[in-house]
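Thank you for making time this morning. I would like to walk you through one structure, and I will take it piece by piece for those who have not seen it before.

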Amino acid sequence: NICAPIRLSGGRPNGLPRRQVCWRLRWRGTTCLALLALAAVAVLIRYVPKPTLASQVASSTAIYDAQGRLLRLALAADDRYRLWVPLERISPQLVEAFLLKEDRHFYWHPGVEPFSLARAGLRTVTASGPRQGGSTISMQLARLLYRLKTRSIHGKMVQVVRALQLELFYSKHDILEAYLNVTPFGVNIEGVAAASLIYFGKRAERLSLAEVLTLAVIPQAPARRGLTKEVSANLVAERARLFEQWVERYPQAREAAGLLKLPLNLHTPSNLPFHAPHETAMLLARVSAAGPERDSEVHATLDLRLQRALERQIQRYIAQARRVGLRNAAAMLVETRSMAVTA
């Protein structure tokens with residue numbers, strides 16, 4: 001009996017009536033039990049086996065040669081370039097730039113920032129000042145994963161509920177990783193890994209600061225800042241604004257200001273390499289047969305330098321032998337020590 005000591009001692013803390021003291025003690029005990037129960041349920045939900053976020057979207061397949069050079073980037077099953085990579089293999093600068101641009105308090109909120117959401121809604125309704133988004137990274141991920149239409153009040157409420165659900169089921173690490181892997185970069189390009197390979201011909205962990213800031217500002221308006229015939233003035237201006245915010249946090253980065261003045265060249269999917277088509281087609285078929293748990297990156301035993309040299313040799317041979325009716329030829333270069341096909 002929680003009130004027994006009070007009855008026995010006749011004590012009345014702070015001069016309160018005995019009945020009121022008992023009620024307060026019971027209320028505190030019930031509250032503590034309720035909080036412990038909620039915490040236990042949250043822990044249970046978080047750690048109960050569930051599908052990974054990576055399994056909820058289709059992924060492209062990137063095939064590299066033995067030296068890590070890209071041979072081919074294949075489309076995902078939904079005809080999008082989307083290459084899922086772990087958060088640890090994304091440039092820390094790129095992660096920081098996205099947090100600075102999209103959600104500075106990502107690690108501190110439960111998936112929704114009520115004040116930012118209310119402020120954005122008020123500006124939208126009153127049309128006063130520039131329109132401001134109030135969506136957190138968790139809310140944006142919910143919209144992308146569940147294909148939500150969030151321009152109506154009902155759609156926004158569903159987005160909020162889904163964001164809270166994501167925060168309850170998955171860790172901040174998982175949510176940030178998923179967001180960076182599905183965020184749009186124009187046309188059919190999604191995720192920082194595919195965008196890095198297509199726009200800059202680099203992996204997501206090897207980008208310079210100028211390239212990092214470029215990628216960080218494209219998702220807010222991918223149609224205007226993404227794949228266009230020329231780099232848009234809007235993209236350049238928005239990148240400069242983000243750079244000023246970056247310098248406020250990292251003053252030593254001011255030395256890189258000159259890099260942002262250099263011409264910005266963005267490649268398109270038509271510039272993607274397409275080497276060793278027979279080998280890559282065979283590897284893609286093997287990967288496809290592996291099912292949904294397949295790897296998004298495959299490393300072939302080929303050496304691109306030797307592959308090109310062997311192709312030139314075959315082309316010269318066919319040109320010389322064409323007079324006797326030869327039109328096709330095949331060759332294979334094998335490393336005798338490992339028996340690996342290098343070309």
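**Salt bridges and buried elements**

Let me begin with a single residue, E211, which counts as buried because its relative accessibility is 14%, below the 20% under which a residue is called buried. Please keep in mind throughout that this is a predicted model.

What does E211 form a salt bridge with? Its partner is K202, and the closest N and O atoms of the two are 3.1 Å apart. K202, for its part, has a relative accessibility of 30% and so counts as partly exposed.

E211 also belongs to helix 9, which spans residues 209–217 and is mostly covered, with nine of its nine residues buried. Alongside E211, the buried residues of this helix include L209, V212, L213 and L215, and also T214.

Now to the salt bridges more broadly, of which the structure holds 13. One of them joins R89 to E297, with the closest N and O atoms 2.8 Å apart. R89 sits in the loop between strand 3 and helix 3, while E297 is in strand 5, so this pair ties together parts of the chain that are 208 residues apart in sequence. As for their surroundings, R89 is partly exposed at 29% relative accessibility, whereas E297 is buried, with a relative accessible area of 14%.

Another salt bridge links E244 and R254, and here the closest N and O atoms are 3.4 Å apart. E244 lies in helix 11 and R254 in the loop between helix 11 and helix 12, so the parts that this pair ties together are ten residues apart in sequence. Both residues count as partly exposed, E244 at 36% relative accessibility and R254 with a relative accessible area of 41%. There is also a network, in which salt bridges that share partners join D78, R80, R82 and E190.

Finally, let me turn to the strands. Strand 1, residues 61–64, pairs with strand 2 in the antiparallel sense over four bridges, and within this pairing the bridge partner of I63 is R72 in strand 2. The two strands form a hairpin with five residues between them, and in the turn G68 has a positive phi of about 85 degrees. Is strand 2 itself largely enclosed or open? Five of the five residues of strand 2, which covers residues 70–74, are buried, so this strand is largely enclosed by the rest of the structure.

Terms used:
Residues are numbered from 1 along each chain as its sequence is written. This is a predicted model: local features need pLDDT of at least 70, side-chain atom pairs count only at pLDDT 80 or more; totals for chains, interfaces and linings use all residues. Side-chain values use heavy atoms; hydrogens and water are left out. Buried means under 20% relative accessible area, exposed over 50%, partly exposed in between (1.4 Å probe, protein chains only). Two strands pair if DSSP finds at least two bridges between them. A salt bridge is a side-chain nitrogen of Lys or Arg within 4 Å of a carboxyl oxygen of Asp or Glu.
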